[in-house]
Amino acid sequence: ITVFYHLCVCVVLSAFRSICGEDGISLGEAVREQHGKDESVHRCCPPDVVVFPHCVEEVSALAKVCHNHHLPIIPFGTGTGLEGGVGALKGGVCFSLRNMDQVLDLHQEDFDVTVEPGVTRKALNAYLRETGLWFPVDPGADASLCGMAATSASGTNAVRYGTMRENVLNLEVVLADGTIIHTAGKGRRPRKTSAGYNLTNLFVGSEGTLGIITKSTLRLYGIPEAMVSAVCSFPSVQAAVDSTVQVLQAGVPIARIEFLDEVMIDACNRFSSLSYPVTPTLFLEFHGSERSVEEQVNLTEDITQSNGGSDFQWARDAETRNSLWKARHDAWYAALALRPGCKAYSTDVCVPLSRLPQIIVETKEDLMENRLTGPIAGHVGDGNFHCLMVVDPSDPEEQHRVHLFTERLARRALAMDGTCTGEHGVGLGKRALLCEEVGHTAINVMQGLKDALDPKNLMNPGKVLKEITNTVF
Ligand SMILES: Cc1cc2nc3c(=O)[nH]c(=O)nc-3n(C[C@H](O)[C@H](O)[C@H](O)COP(=O)(O)OP(=O)(O)OC[C@H]3O[C@@H](n4cnc5c(N)ncnc54)[C@H](O)[C@@H]3O)c2cc1C
């Protein structure tokens, strides 16, 4: 067996080298470890080898080799995922897509662009700077856009511009056997379509379990004429969330509306040298023409005041706006800084808006009762919020309490007709919750789709769906 094993390894490695060159593969321990872990608390599971293809043809040829030798394939974007999605649970081959980093086919007049999988959201917006266009989906990290498609990511702008689901028009995907498909047809980029099954949205959120996304065609937006950001403090969580609901009900086309509880705002104040009152707070942003933005700001200020909001401060200048949103995007690191040496885990439930005040209030009580540090930051306009759990990795008892808390929170969200994950994905930790959320019949349909596209269970095995077959080399 050993001789056979070594022979196979030599054959596979030499096939990989002939496809993407000596520089295009790495067996180094440090490189493998770097690719066996994301930003989550899940432990590192290094792949056996990392490949760095340069084009879709190379991705396809590498996948064919893996397919012939029953090797797991784990796509890797920028490794900023929060659910353990890139760990090689069964070993196998990590496909790092960072060398495919070209922005292709920008159609300014049609508001769309196609990108390769190594392009990050910040790199795309830097590329677009002179065009008057931008791509609004903004997870806190500078993630790859195809990784964002793979996790169905969103961020602070989703309330106005939607998530990756609404903003991907077409995907080029390499299937486990190396077949290349275009989910909406090659080169197609209509704004809407009724043509057949929605394969694009099947791959959005598939977390590398159905195929490797090698191109995404994305919707773009015009940079608004005017942008104003605002901050407002509230006497209670209920008052902040009630204001959010009323702003949306009033039809204000709010671009961003983010909730921070008093623990989170305190952490942000310390981390980002700010001095906001330490009470439940909303960060807001308004986009539009000068006149429309003024109307939006006035109406929102009236609504917040009627709910007891105070210190409504707004800013037009880019510097103040950028520092506000940088502080919001740094919330993860601000939470970590509360307890140096600790690790962070983010919950990600999402509920219908009307249930938001109740779930946040109950969750804060749960945190207090169980002596846990979990500042809350939320994309409240979407009913999605995160408890940024800061945990001592050397304290198993605390880790256990956090685990029980996160399960209770997810079940609370399910009981309120919500989901256990609004934007981070299922990965490793939420596979059982996914079953509870969608039920066994829907899980069976998902498994049927997985079996049809990846009958050998090679694509990122063990993620999203619990594994049935074992396909290790
Ligand atoms: C500080 C911080 C803040 C964050 N804030 C947010 C937030 O506000 N909203 C949000 O949605 N997320 C957030 N995230 C999570 C993370 O940025 C997103 O999940 C992002 O979409 C991951 O992209 P990535 O390129 O880093 O993917 P990776 O971490 O590399 O991979 C994630 C998953 O996608 C798969 N994958 C990656 N690339 C491909 C591909 N080309 N084809 C097929 N599968 C692929 C991987 O196999 C894995 O299962 C945050 C993370 C951090 C660290």
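**Exercise 1. Which residues of H15 are buried in this predicted model, and what do they pack against?**

Solution. Start with the cut-off: a residue counts as buried when its relative accessible area is under 20%. Run that along H15 and you get Glu-398, Arg-401, Val-402, Phe-405, Thr-406, Glu-407, Leu-409, Ala-410, Arg-412, Ala-413 and Leu-414. Next, look for their partners. The buried residues of H15 pack against two strands, S16 (343–346) and S18 (384–391), along with two helices, H14 (356–369) and H16 (431–438).

**Exercise 2. What span does H15 reach, and what is found at its start and just after it?**

Solution. Take the span to begin with. H15 covers residues 396–415, so 20 residues, and the expected span is 1.5 Å times one less than that number. The helix reaches 28 Å from its first C-alpha to its last, close to the expected 28 Å. Now go to the start of H15: a side-chain oxygen of Asp-395 comes to within 3.1 Å of the backbone nitrogen of Glu-397. Finally, step past the other end, where Asp-417 has a positive phi of about 70 degrees.

**Exercise 3. In what order do the five strands of the open sheet come, and which are the edge strands?**

Solution. Walk across the sheet and you read S5-S6-S10-S8-S9, with antiparallel pairing. The edges are S5 (103–107) and S9 (180–182), since each pairs on one side only. From one strand to the next, the twist averages 10 degrees. Zoom in on the S5 edge: three bridges tie S5 to S6 (residues 112–115), and the two run antiparallel. Within this pair, Leu-104 sits opposite Thr-114 in S6.

Then add the helices. H3 (residues 56–68) packs on the sheet and touches S8 (168–174), S9 and S10 (212–219); the direction of H3 makes about 45 degrees with that of S8. H4 (residues 121–128) packs on the sheet too, touching S5, S6 and S10, and the direction of H4 is at about 50 degrees to that of S5.

**Exercise 4. How many residues surround the ligand, and which are the closest?**

Solution. Count the neighbours: there are 36, and the closest are Pro-75, Thr-78, Thr-80, Ser-144 and Thr-151. Next, pick out some polar pairs. A polar backbone atom of Gly-81 is 2.8 Å from an oxygen atom of the ligand. From the side chain of Glu-423, an N or O atom is 3.0 Å from a ligand nitrogen. Asn-460 also uses its side chain, with a polar atom 3.3 Å from an oxygen atom of the ligand.

Note on methods. Residues are numbered from 1 along each chain as its sequence is written. This is a predicted model: local features need pLDDT of at least 70, side-chain atom pairs count only at pLDDT 80 or more; totals for chains, interfaces and linings use all residues. Side-chain values use heavy atoms; hydrogens and water are left out. Two strands pair if DSSP finds at least two bridges between them. Helices (H or I, at least four residues) and strands (E, at least two) are DSSP runs, numbered from the N terminus. Axes are lines fitted to C-alpha atoms, for helices over the stretch in contact, and angles run from 0 to 180 degrees between N-to-C directions. Contact means heavy atoms within 4.5 Å. Buried means under 20% relative accessible area, exposed over 50%, partly exposed in between (1.4 Å probe, protein chains only). A polar contact is a pair of N or O atoms within 3.5 Å; within protein, one must be able to donate a hydrogen and the other to accept it, and residues adjacent in sequence count only if both atoms are side-chain atoms. A residue is near a molecule or strand if one of its heavy atoms lies within 4 Å of it.
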